[in-house]
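Please open the model in your viewer, with residue selection and distance display at hand. The stops below say what to select next and what is there.

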Amino acid sequence: MQVYQEMQSFFPHNKVEYYVSYFDYYQPEAYKPTTDLYIGKKVQRNASIAKMRLKTLNSLVTDRHVIVVASVAAIYGCFNPAAYRKVVIDLKQGQKIDKSLIKDKLFLLGYKHDKKINPGNCQIEENRISFMVKELTEISIPPSQDYVGEEGEELTKILAKIEEELTKQKAIFYQAGKFLEAERLEKRVQEDLFKLREMGFCPGIENYARYFDGRKEGETPFVLLDYFPEGFLTIVDESHITIPQVKAMYNTDRCRKETLVKYGFRLPSALDNRPLSQAEFFKKINFSLYVSATPGNFELEKVNYRPVEQIIRPTGLLDPQIEVRPRNRSDKNSEMVNIIREIEIRKERGEKVLIYALTIAMSEDIARYLQEREIRVVYLHSRLEIFERYQTITSLRRGVYDVIVGINLLKEGIDLPEVSLVCILDADTPGFLRDTRSLIQIIGRASRNKSGKVILYADEITSNMQSAIEETNRRRHLQAAHNLQNNITPQTIEKPVKDIALDPLISLQVEKAQKGEMEEKELKKLVKDLRRQMKRSTKEFKFDQAIAFRNALLDLEKVEKTITDNSKIII
């Protein structure tokens, strides 16, 4: 999310899009033969991210100058680009259209008729069709969902192919004496076929993606990367984690689906609803750049000579000082008393603190303990949806909180210049959360502030800790020598706090006020309007937006205070 925001700032005249998983909660379909337990697919979709994903595809189809910030969601199946272009509805001002034809097409694209015009809905009246769009001379209406069903002859052909596969797979089961599996598969697929005939859609339609995409068995699925023009650049950030993830996604998905097919829960064609394999991923990308503060064997083997080290920072900042303090196993509270003392020191300086725990339960317990002692703290872990995590981080930067307690979500790719202290609990515990690479990444979170410091709480200095400390000190020595030679004084980086859930026009107004380019009367009007919108969002249970408005108001309160202070007359 932070990279997405930064790209928007670096490239204000380009389309910058965001493409990540849109599931706040995801439980994949699975079957456990040992206990005869079938687990149905359960998901909770994030409507805001789903909209951003579809916007990404539309931008890539309509514009060449596009930057996409994506997660490993980019290697999962999506629309066939050719099919996507085929179903998009292009309309021009003054164009004569057949209302009934447009209505049918909208429904096929996943739009729903609703009295309120909201994203994903359309309003159909006797003589007109309304949607939520800006005033334009021409528009392209893209699909409103991931998969769009076919219609007419195409759909009939697809259904015939699915039935043909069903007949073939049933015969295989019967020959093997697997009558239960054959019956189970027959019932499941026939229900899907009925819904596809009647509505053009069925739950789990993605399992028939091969037929809708026109692919052959085993053929590489279409993914986000297929929407880019030739010669595009792929930058793999934190590649030491991302590249192994690409491999793991394919292997895990394959294993789970093979079990579903073996026991009659899915047709073999479901195996083709999958992420890319690692080999397929490398084949699809053209020019690539791998970025990591802790490169692994994969990255080092790719380098012909030596990797490029970016150790010297333009700000003159040094890697943080590191201190190892003993942890008290018999009295855990003594460790927390020590941390509270450090928090109070930073609080007086207006600086922030990150605390790294090992488990979700531990992070919640620590946050609760600190809250009881009137410390403004919040925890951050994987059970929180993506916007909640993002709002937590921006709230820390705005001064709503002084401390965040996290696990591994605060390890890579997070720049928090306000953070001057990082506390790593159980630093000597074996495991990947405290290996050398992880420790170096965590230590780096304190390198954006000139007062950066890291405290490792441990009973002994393990080899992982020693390696991380030595590497940090090596970098710090080179940075200090460069500063001395060039007469550079380290400066904490300055980074504006933006809110992705805020309307871009409102963001521009807030930035205008922060730059001192807004009259006091106009500022008061903006504050009043934002407060009204915040209350309305809260009443409508749109908490992401409500928090965004609250954060904008916090920024404007600082502007108002500055104006008030400047207007005081000293006698």
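## First stop: Lys41 and its partner

Select Lys41, which counts as partly exposed at a relative accessibility of 37%; bear in mind throughout that this is a predicted model. Now add Glu206, with which Lys41 forms a salt bridge whose closest N and O atoms are 2.7 Å apart. Glu206, for its part, counts as buried, at 17% relative accessibility. Lys41 sits in the loop between β4 (37-39) and β5 (42-45), while Glu206 sits in the loop between α6 (179-199) and α7 (209-213), so the pair ties together parts that are 165 residues apart in sequence. A search of the whole structure finds 35 salt bridges, and some others are visited further on.

## Second stop: the largest nonpolar core

Next, select Leu224 and Phe281, the residues with the most contacts inside the largest nonpolar core, which has 26 residues. If you colour by element, the ones that give two or more residues to this core are α2 (47-62), β6 (66-70) and α8 (239-262), and of these α2 gives the most, with 3 residues. Leaving out residues up to four places away in sequence, Leu224 touches Tyr19, Thr56, Leu57, Leu60, Val68, Ala70, Ala74 and Cys78. Apart from this core lies another, of 25 residues, and Tyr356, Leu396, Ile424 and Ala427 are among them.

Stay with Phe281 and bring up Ile75, which has its place in the loop between β6 and α3 (81-87). The two residues are 206 places apart in sequence, yet their C-alpha atoms are 7.2 Å apart in space. Is Ile75 buried or exposed? Its relative accessible area is 2%, so Ile75 is buried. Not counting residues up to four places away in sequence, Ile75 touches Val223, Val246, Met249, Arg274, Pro275, Leu276 and Phe281.

One of those contacts, Arg274, leads to another charged pair. The side chains of Arg274 and Glu280 meet in a salt bridge, at 2.8 Å from N to O. Both partners are buried, Arg274 with a relative accessible area of 6% and Glu280 with one of 16%.

## Third stop: the parallel sheet

Now show the strands of the open sheet, 6 in number, which pair in parallel and follow the order β14-β19-β18-β15-β17-β16. Which strands stand at the edges? They are β14 and β16 (377-380), each with a single partner strand, so one side of each is left without a neighbour in the sheet. On average, and with direction ignored, neighbouring strands of this sheet are turned by 20 degrees against each other.

For a closer look at one edge, select β16 together with β17 (residues 403-406), since these strands pair in the parallel sense over 4 bridges. Within this stretch, Tyr379 has Val405 of β17 as its bridge partner.

Two helices can then be added to the view. Helix α14 (residues 436-443) packs on the sheet and touches β14, β15 (352-356), β18 (419-424) and β19, its direction making about 150 degrees with that of β18. Helix α15 also packs on the sheet, touching β14 and β19, and its direction makes about 155 degrees with that of β14.

## Fourth stop: around α15

Keep α15 (residues 463-486) on display and select Gln479, which is found in this helix. Gln479 is buried, with a relative accessible area of 2%. Gly316 lies 163 residues from Gln479 in sequence, but the two are 7.2 Å apart in space, C-alpha to C-alpha. With neighbours within four places in sequence set aside, Gln479 is in contact with Ile311, Ile312, Arg313, Leu317, Leu318 and Asp319.

Then select Asp459 and Arg327, whose side chains meet in a salt bridge at 3.3 Å, N to O. This pair links distant parts of the chain, 132 residues apart, with Asp459 in the loop between β19 (453-457) and α15, and Arg327 in the loop between β14 (321-325) and α11 (332-348). Asp459 counts as partly exposed, at 40% relative accessibility, whereas Arg327 is buried, with a relative accessible area of 10%. To see a network of charged side chains, select Glu323, Arg325, Glu342, Arg346 and Lys453, which are joined into one by salt bridges that share partners.

## Last stop: residues 513-540

Finally, select residues 513-540, where UniProt, in an unreviewed entry, places the feature "coiled-coil region". In the model this span is 79% helix and 0% strand, and its end C-alpha atoms lie 28 Å apart.

Note on methods
Residues numbered from 1 in each chain as written. Predicted model: local features only at pLDDT ≥ 70, side-chain atom pairs only at ≥ 80, totals over all residues. Heavy atoms only, no water. Core = buried A, V, L, I, M, F, W, Y, C linked by side-chain atoms within 4.5 Å. Buried < 20%, exposed > 50% of the residue type's maximum accessible area, 1.4 Å probe, protein only. Contact = heavy atoms within 4.5 Å. UniProt positions renumbered as here; feature names shortened; annotations may be inferred. Salt bridge = Lys/Arg side-chain N within 4 Å of Asp/Glu carboxyl O. Pairing = 2+ DSSP bridges. Axes fitted to C-alpha atoms, helices over the stretch in contact; angles between N-to-C directions.
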